[in-house]
Amino acid sequence: MATDRFGHPHAANLPYARGKILATTEDDFRKLQQAWAIIRERGPDAVFVFTGLEHSLPMSSEELRFADDELAPALYFEQLRSLALVHLGGSPDGHDVAVFNPAFPG
């Protein structure tokens with residue numbers, strides 16, 4: 001099993017070790033929800049992304065503004081969740097939704 005630079009074993013199926021603050025996937029998602037709330041409050045123009053991730057999908061400058069791993073979920077996740085639960089016949093009390101990028105072989 002791989003370890004981080006401090007010698008802690010990586011969490012299963014992750015390239016990093018878990019810690020006390022972000023110990024589970026649920027903790028990660030709560031962290032994202034908190035960040036999304038800040039983005040909604042301050043607006044997309046107040047957010048700067050320093051990840052270096054490039055988006056190569058051709059878009060207009062207005063569309064490109066939302067092509068980000070943090071901005072789009074912050075602004076649209078609750079609406080997507082609500083519409084998906086209605087479409088699939090779920091209830092917010094007992095169900096949730098997740099969006100995945102499909103993995104294609106080779």
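**An arginine ahead of α1, and the α1–α3 packing**

R18 is partly exposed, with a relative accessible area of 23%; for reference, the cut-off for buried is under 20%. This arginine sits in the segment that comes before α1. Leaving aside residues up to four places away in sequence, R18 touches A11 on one side of the sequence and A23, T24, T25 and D28 on the other. As for D4, the C-alpha atoms of R18 and D4 are 9.8 Å apart in space, with the two positions 14 residues apart in sequence numbering. All of this, like everything below, is read from a predicted model.

Stepping back to the whole chain, the fold is simple to write down: there are 3 helices and 0 strands, and the order along the sequence is α-α-α. Of the 106 residues, 18% count as buried. If one takes the contacts between residues at least 6 apart in sequence, 23% of them join residues at least 24 apart.

The packing of α1 against α3 is a good place to look next. Helix α1 covers residues 25-42 and helix α3 covers residues 71-88, and their axes run 8 Å apart at an angle of about 90°. Angles of 65 to 115 degrees count as roughly perpendicular, and α1 and α3 are therefore roughly perpendicular to each other. On the α1 side, the contact is made by F29, Q33, W36, I39 and R40, which meet L71, P73, A74, L75, F77 and E78 of α3. Sorted by class, this contact between α1 and α3 has 8 nonpolar residues, 1 polar and 2 charged.

Aromatic rings feature in this contact too. Searching the whole structure turns up 3 aromatic pairs. In one of them, the ring centres of F29 and F77 are 5.8 Å apart and the planes meet at 70°, so this pair is edge-to-face. It is a link between distant parts of the chain, with F29 in helix α1 and F77 in helix α3, 48 residues apart. The two partners differ in burial: F29 is partly exposed, at a relative accessible area of 30%, whereas F77 is buried, at 11%. F77 also pairs with W36; here the centres are 5.4 Å apart and the planes are at 40°, so the pair counts as tilted. Since W36 belongs to helix α1 and F77 to helix α3, this second pair ties together parts that are 41 residues apart in sequence. W36 is itself buried, with a relative accessible area of 6%. Taken together, F29, W36 and F77 form one aromatic cluster.

In soluble globular proteins, nonpolar side chains tend to be buried together. In this model, the largest nonpolar core has 8 residues, namely W36, I39, L71, A74, F77, A84, L85 and V97. Both α1 and α3 supply at least two residues of this core, and the largest share, 5 residues, comes from α3. Two members of the aromatic cluster, W36 and F77, thus also appear in the core. V97, another core residue, touches F77, L80, R81, A84 and L85, again not counting residues up to four places away in sequence.

Notes: Residues numbered from 1 in each chain as written. Predicted model: local features only at pLDDT ≥ 70, side-chain atom pairs only at ≥ 80, totals over all residues. Heavy atoms only, no water. Axes fitted to C-alpha atoms, helices over the stretch in contact; angles between N-to-C directions. Helix = DSSP H or I, 4+ residues; strand = E, 2+ residues; numbered from the N terminus. Parallel < 35°, antiparallel > 145°, perpendicular 65-115°, else oblique. Contact = heavy atoms within 4.5 Å. Nonpolar A, V, L, I, M, F, W, Y, C, P; charged D, E, K, R; others polar. Phe/Tyr/Trp six-rings, centres within 6.5 Å; stacked < 30°, edge-to-face > 60°. Buried < 20%, exposed > 50% of the residue type's maximum accessible area, 1.4 Å probe, protein only. Core = buried A, V, L, I, M, F, W, Y, C linked by side-chain atoms within 4.5 Å.
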